[in-house]
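Visitor: Could you take me closely through a single part of this model, the surroundings of its ligand, and then set that part against the rest of the chain?

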Amino acid sequence: MLISLQQKNYHLNNKKKFILDSDKISFDLKHRNTIKFNISKYNNAVEKGNTQYLNIAKAKDRVSFLKREVLLNLDKYLLQFEQKFTSNGGKVFWASDAKEATDYIVDILEKNEVKLIVKSKSMVTEEIEINHVLQKHNIESVETDLGEFIVQVAGEKPYHIVTPCMHKSKEDVAELFHEKFKTPEHSSPEELTAWVRDYLREKFVSAQAGITGANFIVSDIGGIALTENEGNAFLTFSFPKIHIVVVGIEKVIPSINDFDIVWPLLSTHGTGQKVTAYNSIITGPRKSDEIDGPEEMHVILLDNGRTNLFKQKDHWEALSCIRCGACLNGCPVYRTVGGYTYNTVYQGPIGSVISPYIAGFDENYHLAFASTLCRKCSEVCPVQIDLPDLLLKTRKISIERKKYTSMEKVSISSWKNVMLNPRLLSLSPSSLKNIFVPIMMKKLWGSKRKFPRFAKEAFRRSFK
Ligand code: SF4
């Protein structure tokens, strides 16, 4: 009984925390301006990027079909990948959850007496909180993607699945680096980038292992594919002796021949580029006649709730996501409340759809209500996931599971009664309604918005 009460409080707190944090950040003008500026740059780039397609709808159709087909035959494709990859000398580990994945990684690193690893940006490694685990084992982990490095230095988590420090302006970064590394005050982005480059070079050449994610698992050749703009992932897997890849089991594409359509679609929707600057396909550790690459390569195929998501009648399609971030950038709620308010690894519309199934329904169902259902997210999604529909379905499930307070129940049933009997609205004069309704709605409406006034005459009467 005690446990269930505690759990109930925790869930209420999650929801409450979301509401309180949203209320606070929505009126933070500095935050709003930074996000507006960064997303406007993204929007311009995507508009240009889209011009490379004669028929973008067809490209989306093809990739959407491809991803669904893969999901429906996931076992076949994953086993094919494993067979090919291991025959090339790589090792595959199937991890059902974060603990199994991190235990495996720590085991490899400790066996090899690794004290320093370099890492390239990967949301899956955020999921398993590898940096936190490594720190506990006294292994230094250095993020090498510039944005990810900035949030690591700031002691924060990624704010966005593609652009982790979207919430910081160039002035914020200059101030942070001045404080942490004593770089000159007000350094320009170019000066800071040059400084980080020197700093990371040292780390790349001294690290004994590199950890990356993977944008795709390529089944027919038994490879993993990485796409990036800074060349840091390339250095992460080519300098150190050990390369460890952590990747979600849904990231499969059937063949190397699918890249002609998949890579440009991801880059156009992710950053607006025709194609990302560095694209690598890795099929195993270095062979005896090769001069570059790691001596050992491990791929960890991570489930961590994905099988549960796959079991959901409607929501399984969300596993088609290629993590381009377009739905976050398009979402008016994300742009207003920002990435941290979600308190999840994956934020925005896709985060609100998948988090209840991969990270706990009770802890995350409330995110399904954080949407205006304007449909912008499904309009921009390259793999045509009907995100608003899935959010509505989660809302329905949460009501079936009675995830509401008695106050919410009373408010909704009163609202329903009034709406079904519009005459009730005209019973009291507008002067009374203008006094009592704002008082009743005060908490819901918030303190920072003015409640609209009721017109003197009911609409039905004026209309007549
Ligand atoms: S749901 Fe669609 S738009 Fe959102 S990140 Fe995934 S692929 Fe991109």
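Guide: A residue is taken to be near the ligand if one of its heavy atoms lies within 4 Å of it. In this predicted model, 13 residues surround the ligand, and the closest are Cys321, Cys324, Gly325, Cys327 and Cys381. The shell that they belong to is made up of 11 nonpolar residues, 1 polar residue and 1 charged residue, and the ligand itself sits in the second largest cavity.

As for the rest of the chain, the domain assignment gives domain 1 (2–46 + 307–400), domain 2 (53–304) and domain 3 (417–463). The largest nonpolar core holds 81 residues, of which Ile105, Leu109 and Phe216 touch the most other members; because domain 1 and domain 2 both give residues to this core, it lies between them. Leaving aside residues up to four places away in sequence, Ile105 touches Ile128, Ile130, Ile211, Ile244, Val246 and Ile300. Another core, of 21 residues, lies apart from the largest one and includes Val70, Leu74, Leu226 and Ala233. Finally, with regard to domain 3, its C-alpha centre and that of domain 2 lie 53 Å apart.

Terms used. Residues numbered from 1 in each chain as written. Predicted model: local features only at pLDDT ≥ 70, side-chain atom pairs only at ≥ 80, totals over all residues. Heavy atoms only, no water. 1 Å grid on protein atoms, 1.4 Å probe; cavity = no way out; pocket = protein on both sides within 12 Å on 5 of 7 lines; lining within 4 Å. Sits in = over half its atoms within 2 Å of the grid points. Nonpolar A, V, L, I, M, F, W, Y, C, P; charged D, E, K, R; others polar. Core = buried A, V, L, I, M, F, W, Y, C linked by side-chain atoms within 4.5 Å. Buried < 20%, exposed > 50% of the residue type's maximum accessible area, 1.4 Å probe, protein only. Domains from an automatic or database assignment. Contact = heavy atoms within 4.5 Å.
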